[in-house]
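Visitor: I should like to understand the terms applied to this structure. Please set each one against its definition.

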Amino acid sequence: MNILITGGSGLLGRRLTRHLLASGHQVTILSRKPAAVTGLPAAVTIAGWDGRTAAGWQPHADAADVIINLAGASIKGDGFLPSRWTPKRKALILSSRVQAGQAVMDALRAALRAAPKKPRTLLQASAVGYYGPRGPEPITEETGPGADFLAGVCQQWEASTQDAEALGVRRIVLRTGLPLTMQGGAMPLLVLPFRLFAGGWFGDGRQYYPWIHIEDYIAALTFLLEDGKARGVFNISAPQPLPNRQFAATLGRVLRRPSWLPTPRFAMQLALGEVSTVVLDGQNAVPAALQAAGFEFKYPDLEPALRDLLK
């Protein structure tokens with residue numbers, strides 16, 4: 001298949017691109033700074049876009065069988081430590097997602113009108129943050145949205161491409177949990193205190209972390225892409241989410257480090273501001289739709305997943 005990926009130069013996009021190329025697919029990545037994208041196989045095509053319109057990259061949409069929309073400014077920020085959510089940063093987090101989705105829809109409409117080979121499938125990124133902060137009750141794809149900032153972002157992110165369904169394009173929404181990889185994202189931040197013998201839980205430790213091993217993330221997207229019947233919303237997370245206290249205990253056991261030093265909620269909020277909700281709050285999200293479709297996880301349990309990533 002000819003696959004077009006927005007946000008393909010990011011952490012998850014790069015891993016997905018390599019996997020798709022190795023599987024024999026043609027991959028084109030859209031980037032705001034194509035000349036700065038390095039470290040990918042030579043077979044990938046890298047094209048420029050402005051993240052807001054279809055200008056300049058419409059021919060790539062016309063030739064695509066599949067569009068995967070992963071574009072959006074990092075929730076954490078670009079540094080090692082999370083960036084505070086100033087009004088300007090919050091506006092960027094939202095607009096980068098909504099405008100990218102609108103640009104994808106503009107290109108998709110044009111391709112469906114004029115291209116001899118029309119895109120058949122759209123994978124739309126989202127996150128379990130859609131559900132907002134929740135308690136211990138299991139959260140499935142049928143659960144309604146939350147009311148905090150991240151829930152609002154996810155709702156508008158998903159809505160930006162919802163018209164694809166009315167155009168006859170199979171659309172899959174990926175509500176992703178915490179992807180575990182030592183190549184970036186949140187995991188290096190979670191591991192560092194344990195390596196320094198200062199590991200523990202955040203707040204009261206009762207908030208659930210819906211996590212997923214990076215290999216299962218890639219496998220799940222590939223499974224949904226190749227299953228022609230799959231459509232609608234899917235929680236992309238492991239079937240065994242854990243409260244943060246248990247997550248910390250498991251991580252400490254794998255690293256052979258203590259996990260008894262908690263970070264109080266007020267200290268996290270003081271240090272990080274509103275962005276602290278990412279680690280202080282959570283959802284007991286389970287992949288009900290993904291498992292019902294027949295997907296089998298390689299790492300359904302946290303300890304084997306961590307041992308693989310930290311070996």
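Visitor: What makes the sheet an open one, and in which order do its strands lie?

Guide: In this predicted model, the sheet is made of 7 strands in the order β3-β2-β1-β4-β5-β6-β10, with parallel pairing. The sheet has edge strands, β3 (45-48) and β10 (232-236), each of which pairs on one side only. From one strand to the next the twist averages 20°.

Visitor: How do you know that β4 and β5 pair?

Guide: Pairing requires at least two bridges between the strands. Strand β4 (residues 66-69) and strand β5 (residues 121-127) share 4 bridges in the parallel sense, so they meet that requirement. Ile68 stands opposite Leu123 in β5.

Visitor: Why is α5 called oblique to α7?

Guide: Their axes come within 10 Å and cross at roughly 60°. Angles under 35 degrees would count as roughly parallel, and 65 to 115 as roughly perpendicular. The crossing angle falls in neither range, and therefore α5 is oblique to α7. The crossing is right-handed. On α5 the contact is made by Leu190, Val191, Phe194 and Arg195, and on α7 by Phe247, Ala248, Leu251, Gly252 and Leu255.

Visitor: What puts the buried residues of α11 on the same side of that helix?

Guide: The buried residues of helix α11 (residues 302-309) are Leu302, Ala305, Leu306, Asp308 and Leu309. They cover an arc of only 160° around the axis, and therefore lie on the same side of α11. These residues pack against several elements, including β7 (178-180), α5 (187-195) and α7 (244-255).

Methods. Residues numbered from 1 in each chain as written. Predicted model: local features only at pLDDT ≥ 70, side-chain atom pairs only at ≥ 80, totals over all residues. Heavy atoms only, no water. Helix = DSSP H or I, 4+ residues; strand = E, 2+ residues; numbered from the N terminus. Axes fitted to C-alpha atoms, helices over the stretch in contact; angles between N-to-C directions. Buried < 20%, exposed > 50% of the residue type's maximum accessible area, 1.4 Å probe, protein only. Arc of directions from axis to C-beta. Contact = heavy atoms within 4.5 Å. Parallel < 35°, antiparallel > 145°, perpendicular 65-115°, else oblique. Left-handed = near helix turned anticlockwise from the far one by under 90°.
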